Amino acid sequence: MAEEGDQLRWWELAREFIERLGAAHGGNVKAVFPDAGVAAMLKNRWPDAPFAIASLDDREPMSADDSLVVITCPDPPSLKATKGLADNATTQDIPVVMFNPRLASGDVGIGVSVRRMRSEFLSTFLTSYSIYPLTAPDGSVFRCFPNEWQVFLADPMAPGRYQLVAQRSARPAGEGLDNIIDDFFGVGAEGEDNEEGSAGAGLANVGKAMKSMQRFMKQLSQ
């Protein structure tokens, strides 16, 4: 979201989501954006928006007559304000939806207590829709409520096609996700091939290469 054009696309996507959600929910909808500058810009850009606009910088971003609060693209610096608003809404029985939360990024310099607060706060939400892209190998971790979390991986034998390789009740991540990928490519814990025949050997070789790429990508991110 470093480029202005990218930011505007996110805001337009947010507007579409909030309008559709508001139409389904009914009542007064309050869209709360990360800071006062964004809120002011969008108020000017969307004079006909069918929802109210506020920011996490506002002293009182939520009104007593709000029936739904949508916190849009909250970022790491706004964690405390986001949690405070959500807690306040909960005490008033006002439902809260977060659209494209980015609270889990920017870990450099963040202490253990802040990470714990973030983790506990996010655990109070139910993920209704999520697409988490994967690289090396290409794929995604996907969920659309009420379905389970699904892992899709590119089919190495059919370029451009993806396979559903696993479904889980909790979001696959870390070692659990690595194991799913290893199982798909036929790579065991020690790197042995779990498939027989030339096709299986070829798939396992792809898996070994992808496993090596995963380690390399993790090293780059540290």
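# Report on a predicted fold

Cys 144 has a relative accessibility of 30% and therefore counts as partly exposed. This value, like every other in the report, comes from a predicted model. Cys 73 stands in contrast, because its relative accessible area of 0% places it below the 20% limit for a buried residue. A disulfide is a covalent bond between the sulfur atoms of two cysteines. In this model the count of disulfides is 0.

## The open sheet

Strands of a sheet pair through backbone hydrogen bonds, either parallel or antiparallel. Here, 4 strands form an open sheet in the order 2-1-3-4, and their pairing is parallel. Strand 2 (52-55) and strand 4 are the edge strands, each of which pairs on one side only. Direction ignored, neighbouring strands of this sheet are turned by 25° against each other on average. The table lists the pairs, with one bridge given for each of them.

| Strand pair | Sense | Bridges | A bridge in this pair |
|---|---|---|---|
| Strand 1 and strand 2 | parallel | 4 bridges | Val 32 with Ala 54 |
| Strand 1 and strand 3 | parallel | 4 bridges | Lys 30 with Val 69 |
| Strand 3 and strand 4 | parallel | 4 bridges | Ile 71 with Met 98 |

Is strand 1 (residues 29-33) enclosed by the rest of the structure, or is it open? With 5 of its 5 residues buried, strand 1 is largely enclosed by the rest of the structure. Both of its faces are covered: Val 29, Ala 31 and Phe 33 are buried on one side, while Lys 30 and Val 32 are buried on the other. Lys 30 and Val 32 also take part in the pairing, since Lys 30 has Val 69 of strand 3 as its bridge partner, and Val 32 has Ala 54 of strand 2.

## The largest pocket

The largest pocket has a volume of about 1,400 Å³. Its lining consists of 32 residues, and those that lie nearest its centre are Asn 100, Pro 101, Thr 127, Tyr 129 and Ser 130. What is the character of the residues of this lining: nonpolar, polar or charged? They divide into 19 nonpolar, 8 polar and 5 charged residues.

Several elements supply at least two residues each to the lining, namely helix 1 (4-25), strand 4 (96-99), helix 4 (112-122) and strand 5 (129-134). Which strand gives the most to the lining of the largest pocket? Strand 5 does, with 5 residues. Strand 4 thus has two roles, because it is an edge strand of the open sheet and also supplies residues to the pocket lining.

## Less common backbone features

Most residues other than glycine have a negative phi, and most peptide bonds are trans. Three places in the model depart from these patterns.

Asn 100, in the loop between strand 4 and helix 4, has a positive phi of about 50° although it is not a glycine. At 23% relative accessibility, Asn 100 counts as partly exposed, and it is one of the residues nearest the centre of the largest pocket.

Cys 73 also has a positive phi, near 50°. This residue is found in the loop between strand 3 and helix 3 (79-91), and it is buried.

The peptide bond from Phe 145 to Pro 146 is cis, with omega near 10°. Pro 146 has its place in the loop between strand 6 (139-144) and strand 7 (149-154).

Notes: Residues numbered from 1 in each chain as written. Predicted model: local features only at pLDDT ≥ 70, side-chain atom pairs only at ≥ 80, totals over all residues. Heavy atoms only, no water. Disulfide = S-S within 2.5 Å. Buried < 20%, exposed > 50% of the residue type's maximum accessible area, 1.4 Å probe, protein only. 1 Å grid on protein atoms, 1.4 Å probe; cavity = no way out; pocket = protein on both sides within 12 Å on 5 of 7 lines; lining within 4 Å. Points joined across faces, edges and corners; volume = space filled by probe spheres on them. Nonpolar A, V, L, I, M, F, W, Y, C, P; charged D, E, K, R; others polar. Axes fitted to C-alpha atoms, helices over the stretch in contact; angles between N-to-C directions.
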